[in-house]
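Hello,

Here is the structure I promised to pass on to you. My notes on what turned up in it follow below, so please open it alongside this email.

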Amino acid sequence: QVQLVESGGGLVQAGGSLRLSCEASGRAFSRYAMGWFRQAPGKEREFVAAISWSGGTTYSADSVKGRFTISRDNAKNTVYLQMSSLKPEDTAVYYCAAGQFTSGLTIAHVSTLDDYDYWGQGTQVTVSS
């Protein structure tokens, strides 16, 4: 069982930056690839970024490439999402997720909600224009 707790959300002006954190419980954090998703009001939850078990490989949605960076610190059981050049359309609840992906990692796998085993409760990010 893995519990995930996100933090770092808030209100920021367009063009600003935020760093989200997601801390995982348990001792098997390095066995899980981690992802960030977001859900805006009235929209489906969408993939933002993902990172492999060791942190050596990352994936990002086209909408955030060049602006968002995912990273992890396995010693701290924490995954981060550094968000820069924020836009009003980035406003959403941001969720982190953990998945074992025993069959390997591909962009198709890491961007699929059902392929993740555990989810956090989410943190609100609001970008004002």
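A residue is called exposed when its relative accessible area is over 50%, and buried when that area is under 20%. By that cut-off D62 is exposed, because its relative accessible area is 66%. Please keep in mind that this is a predicted model.

**The chain as a whole**

The chain has eleven strands and one helix. Going along the sequence, their order is β-β-β-β-β-β-β-β-β-α-β-β. With a radius of gyration of 14 Å, close to the 14 Å that the globule rule gives for 129 residues, the chain is as compact as a globular protein of that length. The C-alpha trace spans about 40 × 25 × 25 Å along its principal axes.

Of the 129 residues, 44% count as buried. The accessible surface is about 6600 Å², and carbon and sulfur atoms account for 44% of that surface. Contacts across the sequence also stand out in the numbers: among those between residues at least 6 apart, 61% join residues at least 24 apart.

**Strand β8 and its neighbours**

A good place to begin looking is strand β8, residues 78-83. Five of its six residues are buried, so β8 is largely enclosed by the rest of the structure.

Which strands pair with β8? One is β3 (residues 18-24), which runs antiparallel to β8 and is joined to it by six bridges. Within that pairing, L18 has M83 of β8 as its bridge partner. Another is β7 (residues 68-73), again antiparallel and again with six bridges. There, I70 is the residue opposite L81 of β8.

Strands β7 and β8 form a hairpin with four residues between them, and in this hairpin N77 has a positive phi near 55°.

**The disulfide**

You will find one disulfide in the structure. As a reminder, a disulfide is a covalent bond between the sulfur atoms of two cysteines. Here the two cysteines are C22 and C96, with an S to S distance of 1.9 Å. C22 belongs to strand β3 and C96 to strand β9, so the pair ties together parts that are 74 residues apart in sequence. The disulfide is right-handed, because the torsion about the S-S bond is about 45°.

Is this pair buried or exposed? C22 is buried, with a relative accessible area of 0%, and C96 is buried at 0% too.

**The salt bridges**

There are four salt bridges in the structure. One of them is between the side chains of R38 and D90, at 2.9 Å from N to O. R38 sits in strand β4 (residues 33-39) and D90 in the loop between β8 and β9 (92-99), so this pair ties together parts that are 52 residues apart in sequence. R38 is buried, with a relative accessible area of 6%, and D90 is buried as well, at 0%.

D90 has another partner: its side chain also meets that of R67 in a salt bridge, at 2.7 Å from N to O. This pair links distant parts of the chain, since R67 lies in the loop between β6 (58-60) and β7, 23 residues apart from D90. R67 is buried, with a relative accessible area of 12%. Salt bridges with shared partners bring R38, E46, R67 and D90 together in one network.

The exposed D62 mentioned at the start comes back here as well: D62 forms a salt bridge with K65, with the closest N and O atoms 3.3 Å apart.

**A loop residue to look at**

Finally, have a look at S52, in the loop between β5 (46-51) and β6. Which residues does S52 touch, leaving aside those up to four places away in sequence? They are A33, T57, R72 and L105. S52 itself is buried, with a relative accessible area of 5%.

If you have only a few minutes, I would start with D90, which forms salt bridges with R38 and R67, and then turn to the C22 to C96 disulfide.

Best wishes

Methods: Residues numbered from 1 in each chain as written. Predicted model: local features only at pLDDT ≥ 70, side-chain atom pairs only at ≥ 80, totals over all residues. Heavy atoms only, no water. Buried < 20%, exposed > 50% of the residue type's maximum accessible area, 1.4 Å probe, protein only. Helix = DSSP H or I, 4+ residues; strand = E, 2+ residues; numbered from the N terminus. Pairing = 2+ DSSP bridges. Disulfide = S-S within 2.5 Å. Rg over C-alpha atoms; globule rule 2.2 N^0.38 Å. Contact = heavy atoms within 4.5 Å. Areas by Shrake-Rupley, 256 points an atom, 1.4 Å probe, with all protein chains shown as cover.
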